[in-house]
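Me: I would like a close look at one part of this structure, followed through its strands and the helices around them. Please take me through it step by step, in connected prose.

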Amino acid sequence: MSKLTFARAINAGLRKSLENDPKVVLMGEDIGSLGGVFRVTDGLQKDFGKHRVIDSPLAESGIIGTAVGLAYRGYRPVCEIQFDGFIYPAFDQIVSQVAKMHYRTQGRVKMPITIRVPFGGGIGSPEHHSESPEAYFTHTSGLRVVAVSNPQDAYTMIQQAIASDDPVLYFEPKRRYHDKGDVDESLDLSTALPLDRAAVVNAGTDVTLVAYGPLVKTAKDAAMAAADEGISVEVIDLRSLAPVDYPVVEASVRKTGRLVITHEAGQSGGLGAEIAASITERCFHYLESAPVRITGFDVPYPYSKLEMHHLPDLDRILDGVDRALGRPNSLSGLEG
Amino acid sequence: MLTDQAGKGVHQGTPGPGQSAPNPLRTGGNLLQLVSPEGDRISHPEFDVWVKDIGDEQLCSLYEDMTVIRRIDAEATALQRQGELALWPPLLGQEAAQIGSSRSLRDDDFVFPSYRESGVAYVRGAHLSEIARVWRGNASYGWDPQRINLATPQIIIGSQSLHATGYAMGVQLDGASTAVLAYFGDGATSEGDVNEAMVFAASYQAPVVFFCQNNHWAISEPVRIQSHVQLADRPTGFGIPSMRVDGNDVMAVMAATRVALDRARKGGGPTFIEAVTYRMGPHTTADDPTRYRDPNELEDWAAKDPILRLHKLLEAKGLLTEDVAARVKAKADAVAAELRSSCIDMPDPQPLDVFNHVYSTPNSWIERQKDHYSRYLNSFNQPVEEGAL
C-alpha cells in the first residue's frame, strides 16, 4: 500500500498497462516530455519511448480518428483530451466511429480505446477548462463512461478501462489531482470491483445521496455534517455513468426512501434526470419524497469568480437532503 | 532519396531555405495519362516502368473487372428501382479509378473506403451479398474487414482518412511493410478530418496513400466550391507529395497507385493521388442531378468513358476477340444474376438482433431493454383472457 496523489495513481495505472500489454499506446497533446499539462503521464515517454507515448498534433479529431485506425490494427490506444472543453472537435469521431464501430461490424472490429478526460471545475480557470460534458457521452450508445473519485479507483479503473474491449470515456476530476490516498498497487484486476459497478462509500439509512467524480468527496463531507444533526446519509459513488449500476442505487433507495443526486454538470438532460426517472420507475412505491437534483445551473460554465456559486457544495447538498427529508429548506413553501 | 524500380524521377527531398517545396511526383499540372480517350497508348518516361508488366492478358483482365463492376452498378440500381435495395450509390464512370487502384494493392495492404467503392470491394473479394446487404438495410456492414483487409463502408465524409492514417501508424509500430490506402472524394477534401489526417500522416511519415476520386460533384456541389486550387495542390502544403492522374485511364491510375504504395512500403511516407474522374450517375439513387447539372457536361465526360477507352485500346491491339468479348459478357451476366439472387434471397434480420453487438461485453442497460422488448413481442403470442379487456 502506498500513498499516492490522484495524478500519480493514474500514472501508475498507465505504467502498469504499458508494461503488461505491448499493444497499449498513449496519445495526446503534450503528454510526452512535458508529461501532460497535469503531469499525469510524467516520465512515461522517457521509459516507454516516443513510439508508445506519442505527442500528437493539436487536433482532437485526429487523435481519436487515428486511435480508431490503431484499434483496427489491434492496438489499445489511450488518448488524453487535455481539457473537457477541448473534446468537442473529437465529438464526431467518438460518437460516429468509436461508439458505433463494434455495432456496425457486428463484433468484427473492436474499439478498445480509452479516452481520458480531465473534467469539472473548481480550479479557477478561464472558459473551456472546467466543463462536465459526461451526459453527451452517457447518451451515446456503444460507449462506457466512468468517473473516478479517489486514487485507488483511479489506479484500478484506468487499467480496467484499458483492458476493456469496449471504448471507455474515463473522466478524471482535475481539482482532485493533488489529493492523496492509499493505493494498493498489488490489487488483482480480476478480483477488483468491476468497472460497471457502483460503490456505497458511506452507509446510511435516511437519505441516498448519489455522486460521482469530484463531488464524491463533497458528498461524503456532507454526510458527515448531516450525521452531526442526526441524519444518516448513504453516499453512493456511481463510478460508472454508463451503464449506471441501478441495482445498487435501487437497493439503497428501497431502504432510505429518499434520493438526492448531485453533479457539476447542468441539470436539464443531465445524468441526475436519468437517474431520478429510472429510480422512480423501478421503485416508485418505496419513495417517500420526490428525487432531488443538486447540480450546476443550466448556464455556460461561469467565469471563475462565480464558479463557487455554480458548483454544488456541501451546504447546497445538505439543503437538498433537507428537501428530500421534508425538513425546512431554501425552497420551503414553493414546492407542491 | 527514394529509389524506385526505374531508379529515376520518383523521389522526395527536403526544401532548403527560400526554396519552394519540390514535388517531383507532380506532373506539372497536367494529368498523368497513359491511355488517351481515343484509346492510344501514350508513353511516359517515368511511369511506363510501373506498368510494364501489364501485358495483353492483364489488360483484358482489367477490362473484365471494369465491365463487371459497371454491371454490378447497373444491376444494383435496378434492384433499388424495384424496391429490393433501399438505396444505392452508383459508381458509374469511376471504374478505372476503382479498378486501377484496387488492382495495385497487395492482399496484406489495408483499405479504408468511403461508401462508393463497391468496385474495390469486388476486387478485394467481398461476396456480392455482402456488397448488397448494407444497401438493402440488412446490416450496417458488408464484409468482415479483417478477412479481406477492407474496412466497412464509411458514410461520414472523410472520417476514414484518419482511420487509415492511424492504421498506418500501427503498421509502423509493427515494423510491417503493409501499405494503407484511404479512398475519399473531392468533397471530403474540405473536411477537417482529411486535413488532420494529412497533418498526422506527414508528422509520422505514415505509410498511407490518400486516394482522392475527384468525380467533380459532392451531391449538387461542384468541386470549385470545395477548392480554389487543384485538389492535388493541397497536400503539398502539408509536405505530402501528390500526383494528378487521369482517373478514367486505368493504366495511369495503376502506375500512380503503385508508385505511392511503393513509397509507403519503403518508408517514404504518405502520398496523395487526385484521380480526376466523373460521377456519371446521381450521388445516390435518391438524387436527381438534372436539378443542378448541365447535360452537356455529362456528354463531354461520356466521350472520356473509362471502359470505352480501354475497349478502343484492346480493339486496336486486336485483343478484343469474340472469345474475350463473350467471356467478359458471360462473367458480367453471371455476377449480375448472383447479385440479384443473393440480394433477394437474403434472410431478414430478427427483431431482437437490434440489441446485438452494441458492446462486446454484457451491458446491463441493453440487457434490460432487450428483456423488456422480448416480453413485449411475446405478449402478442399470449391468448387474451376473457374479461381482460
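Reply: In this predicted model, a good place to begin is the pairing of S9(A) with S11(A), which runs in the antiparallel sense over three bridges. Within this pair, Val200(A) stands opposite Ile236(A) of S11(A). In general, the strands of a sheet pair through backbone hydrogen bonds, in either the parallel or the antiparallel sense.

The pair belongs to an open sheet of five strands in chain A, whose order is S9-S11-S10-S13-S14 and whose pairing is mixed. Its edges are formed by strand S9 (199–202) and by S14 of chain A, each of which pairs on one side only. From one strand to the next, the twist averages 25 degrees.

Helices lie against this sheet. Helix H9 (residues 246–256) of chain A lies across S9, S10, S11 and S13 of chain A, and runs at about 155 degrees to S10(A). Helix H10 (residues 271–283) of chain A also packs on the sheet, where it touches S10, S13 and S14 of chain A, and its direction makes about 155 degrees with that of S13(A).

A further helix, H12(A), deserves a closer look, since it is mostly covered, with nine of its twelve residues buried. The buried residues are Ile317(A), Leu318(A), Asp319(A), Gly320(A), Val321(A), Asp322(A), Arg323(A), Ala324(A) and Leu325(A). What do the buried residues of H12(A) pack against? Their partners are strand S10 (207–211), helix H8 (215–228), strand S11 (233–237), strand S13 (259–266) and strand S14 (292–296), which belong to chain A.

The length of this helix can be checked as well: at 1.5 Å a residue, the twelve residues of helix H12 (residues 314–325) of chain A should span 16 Å, and because the end C-alpha atoms are 16 Å apart, the expected and computed spans agree. Just after H12(A), the backbone at Gly326(A) takes a positive phi of about 75 degrees.

Turning finally to the contact between the chains, 33 residues come from chain A and 36 residues from chain B. On the side of chain B that touches chain A, the elements that give two or more residues are helix H5 (145–148), helix H6 (159–174), helix H7 (192–204) and helix H13 (364–378) of chain B, and H6(B) gives the most, with eleven residues. By class, that side of chain B has 17 nonpolar, 16 polar and three charged residues.

Note on methods:
Residues numbered from 1 in each chain as written. Chains lettered and ligands numbered in written order. Predicted model: local features only at pLDDT ≥ 70, side-chain atom pairs only at ≥ 80, totals over all residues. Contact = placed C-beta atoms within 7 Å. Helix = DSSP H or I, 4+ residues; strand = E, 2+ residues; numbered from the N terminus. Nonpolar A, V, L, I, M, F, W, Y, C, P; charged D, E, K, R; others polar. Expected span 1.5 Å × (residues − 1). Buried ≥ 20, exposed ≤ 12 C-beta atoms within 10 Å, placed from the backbone. Pairing = 2+ DSSP bridges. Axes fitted to C-alpha atoms, helices over the stretch in contact; angles between N-to-C directions.
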